[in-house]
Amino acid sequence: MIKRKLDIIVIGGGAAGLAAAIAAKESGVNSVLVLERNPELGGILPQCIHTGFGLHYFKENLTGPEYISRFISRVHDLEIEYKVETMVLELSPRREVWAVNQHDGLLNLKADAIVLAMGCRERSRGALCIPGTRPAGIFTAGTAQRLMDIEGFLPGRKVLILGSGDVGLIMARRFAMEGAEVMGVVEVAPYPGGLDRNLQCLRDFGIPLYLRHAATFIHGSDRVEAVTISRLDESGKPIAGEEKTIECDTLILSVGLIPENELSKGAGIQLDPNTGGPVVDENMETSIEGVFACGNVVHVHDLVDHVTQSGEVAGKNAAKKVLGELPPLERRIHLRPEGNIRYVVPQIISGERPLTLFSRVKKPASNAKIIVGEKISIHKRIVKPPELVTIKLTSELLKKLNPEKKELTVTMEE
Amino acid sequence: MKTTVLIIGGGIAGTAIARELSKYDVDVTLVEKEKDIAFGGPTKANTAIIHAGYDDKPGTTAAKLCRRGNAKWGRLSSELSIPFRRIGSLVIAFNDDEISVLYELMKRGEANGVQDLRIIMGRELFEMEPNLNRKAAAGLYAPSAGVTSPYEAAIALAENARMNGVSFLLETEATGIIIKNGKVKAVQTNRGTIHTRYIINAAGLFADEVSAMAGIEEFKITPRKGEYVIYDKNLRSLVNHILFPIPSPISKGITVTPTVDGNLIAGPTAHDIEDKRDASTTFEGIEEVLRGACKLVPCLSARRDAIISSFSGLRPQPSTGDFIIKSYEEPYGFINVSGIKSPGLTSAPAIAEMVVEILRAEGLRLEMKSDFKPYRRPIEHPFRDFNPAKAEALIDQDRSYGHVVCRCEHVSEGEILEAIRRGATTLDGVKYRTRAGMGRCQGGFCTPHIIKILARELGIPVEDVTKKGGDSKVLLYRAKHLLIGDEKE
Ligand SMILES: Cc1cc2nc3c(=O)[nH]c(=O)nc-3n(C[C@H](O)[C@H](O)[C@H](O)COP(=O)(O)OP(=O)(O)OC[C@H]3O[C@@H](n4cnc5c(N)ncnc54)[C@H](O)[C@@H]3O)c2cc1C
Ligand SMILES: Cc1cc2nc3c(=O)[nH]c(=O)nc-3n(C[C@H](O)[C@H](O)[C@H](O)COP(=O)(O)OP(=O)(O)OC[C@H]3O[C@@H](n4cnc5c(N)ncnc54)[C@H](O)[C@@H]3O)c2cc1C
């Protein structure tokens, strides 16, 4: 068994973890170790071969592999140590980590600071309880993407996609480009779940989009043979007589991402039920001192640029912690989402330094005002659930905060 | 081919009989139509409860064998390393009428020979089950009830039987029975004829059809569907015992129970259907399960997000209402082990002993083997209840234990290789032996990896790996196949 003490351990080698490791190393910390369970660094990005990455961060339109390779090169340049095919099994509240790989065997590690960057996992068919049989041929979108773009397999030739989020839309185009017949994209909401630019994927290939529809039965004993979809009423219930059975051999599920926080739960880190991720303060520190978090493990992002930025904040502050340069926050003001605001990250701010809050809304709205506390009001022309809402709190705005308050609501007026 | 005893069906009944017979010096063969043990029916999809034995009417075969079977599970599970925990069950009553049913059940249980039954009221009930509905009035406590893993049990029984000389023929379906002069002679299968002196019909849902092949048409099997949902392991501490509502005339009702693996399961419904192959779940069924579950444990109503899977199983419900375990004057040599409805899992070890007695009575000489090996080594799961010392020792012996393939259940490549060595040839076969793919992501991540391992170890193309045999192929084509085509089309 290998026992080691490090300055910083980063769990997860995706966009968030690599940005954190780089920022920590650049801040002057010596021993930084990245642990990644995949065979390669990069997280989800090596399989995202479409463009649309880096428009904000690099002001360039890159593919996923192009975007992440810049960070991987930096990891090599800075000689940051990393271990791939290494699964972190357990994290203790005392910042001890158990991990395992084939080469080293068991690793029992301890660090002064830990950065959680485990990303998220995909919701499965089971979580949706879609009625029907249990045949082969049902995949989550991320798995199908990995199969096609990394492993070199095409799961099937007649495909129905559930979920019109970005991943679902991109996969619809990906299957069409492989010559598969995409029978449609099915969405329960009355509006598509993805960014506008990704809807083009359907238009380009004439793929039907069924809004306000749900899959209500899976047919086929050995392999998927067809899927019945039903129109939904206002309350989300299937309308009898409004079903349609679509023949297909493959069903792709793109029905939501869940921050991967089993390790965090095991360590007893406080989670926010609205995000599914750890509660973090403006330093990206969690409820356990010295444990930081960034990227999709905190909340599901739509743009990698923001993931990278959160990784940089977490990495820098983890480094400061190790170097003894991170004083406790002057004040801890808890932000509480209300009304149309589903969540706000970070959940805890000091009110002393300008920062950007990330938020998601429950329903689309236009000409809305986001109200933080009583006095801060920020105008937003259009907000919709698929797109993260950024709330910039400048020094100017922060002056309006009541310094006595321990809790502020974040809400929306239309 | 020739054998002395031919068992038709590799469910829990067939495998328990095979293992019991493997203690004796006799030639035994088991045929199973599916690709693996326990793939064919209720044995892979049930509530996994080892019932205490107060449900069945005194005097029935089911009542007798259930209690006897329950008593045997302790030893059986330790000999064969089958996961089993006696966590006890509680039947919950919500009003005075229901409390009187508890007393009836207690009386029935005592008549069946079940000891230690106790009615629990008030504070003690909520100390035992802090999340139980506060409106609950009383509970019938049966400490001897337990939970197991039914497919692992069938697989373990089969492995041990094979170790002791029983032959297993998979993907072999009995299609006809040859009878001469009032005696069974042979069984016809899709792979040829097997000559035999005795036939044991343990064909589960299809036992009436197999029985008809022998000319015995005295009963019918109706599939009675039961649907379930499974919750994430995060909820494991919500419930401590097997919780039942008051039974209905046709079923023990929708239970909420911890599984032996630490998940929570809710179900089953009970609806008679027509098609013995229709193990689909339904919208209404799942809603009914959730209503039933929330009545017992109301906080589950807010935890739909923690459901990781739903499935259904079909009880082989006999028209006679009781297990049919018997021999016939004609055709001599044919033995029915049919209509093994619930509590068939519980009863299986006792069913097996009863079959041995019947065979003896029918004139088969059964002598104990001197070299019977009662023990089966389990597949080691070093990360399941993470034990660093054990994990390290295993990895030192075999590095593949250091490669975690299933992230949710922490299953290593070493465990998967061991499952393949023991006979797994499909994704489900690996899953039932190791739990790879049974966690919260339901195989989303590990499926492609396991497919590659299976292909490599079995020496077959990746595209030929199936989920559960038959046409259940998972990866249909190589990338670009539809664009450039190839000779495989
Ligand atoms: C299909 C798809 C399309 C997208 N399209 C765009 C786009 O066009 N433009 C854009 O800007 N963004 C896009 N995104 C979003 C963006 O790519 C992601 O939000 C971002 O990559 C997330 O980075 P992360 O590091 O938080 O998570 P991940 O990339 O998921 O990385 C987390 C890593 O942690 C590892 N890990 C987890 N648990 C453990 C453990 N216990 N032990 C060891 N390692 C562990 C995982 O293996 C993984 O590699 C897209 C995302 C997807 C899925
Ligand atoms: C919803 C539900 C809940 C239950 N809950 C419990 C419980 O909690 N506790 C309990 O004790 N019991 C329970 N049971 C009952 C228990 O699961 C069954 O009694 C038991 O699994 C029956 O086993 P079996 O071996 O008789 O049948 P099966 O499991 O059906 O096995 C029969 C096998 O025979 C094979 N076969 C069929 N025809 C042929 C042929 N012609 N040739 C070759 N092979 C053939 C099939 O493929 C199958 O594998 C439950 C059942 C259900 C459905």
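User: How much area does chain B expose, and what share of it do carbon and sulfur atoms supply?
Analyst: This is a predicted model, in which local features need pLDDT of at least 70, side-chain atom pairs count only at pLDDT 80 or more, and totals for chains, interfaces and linings use all residues. Accessible areas come from the Shrake-Rupley method with a 1.4 Å probe, and for residues only the protein chains shown count as cover. Chain B exposes about 19000 Å², and the share from carbon and sulfur atoms is 48%.

User: What percentage of the residues of chain B count as buried?
Analyst: A residue is buried under 20% relative accessible area, exposed over 50% and partly exposed in between (1.4 Å probe, protein chains only). Of the 489 residues of chain B, the buried part is 63%.

User: Is B:Pro388 buried or partly exposed?
Analyst: B:Pro388 belongs to helix α9, residues 388-397 of chain B; a helix here is a DSSP run (H or I) of at least four residues. Residues are numbered from 1 along each chain as its sequence is written. Because its relative accessibility is 24%, B:Pro388 counts as partly exposed.

User: Which residues are in contact with B:Pro388, leaving aside its neighbours within four places in sequence?
Analyst: Contact means heavy atoms within 4.5 Å. With those neighbours left aside, the contacts of B:Pro388 are A:Trp98 and A:Leu106.

User: What is the mean pLDDT of chain B?
Analyst: The pLDDT is the predictor's confidence in each residue, from 0 to 100. In chain B, 99% of the residues reach 70 or more. The mean pLDDT of chain B is 96.

How values were computed:
Chains are lettered from A and ligands numbered from 1 in the order in which they are written. Side-chain values use heavy atoms; hydrogens and water are left out. Helices (H or I, at least four residues) and strands (E, at least two) are DSSP runs, numbered from the N terminus.
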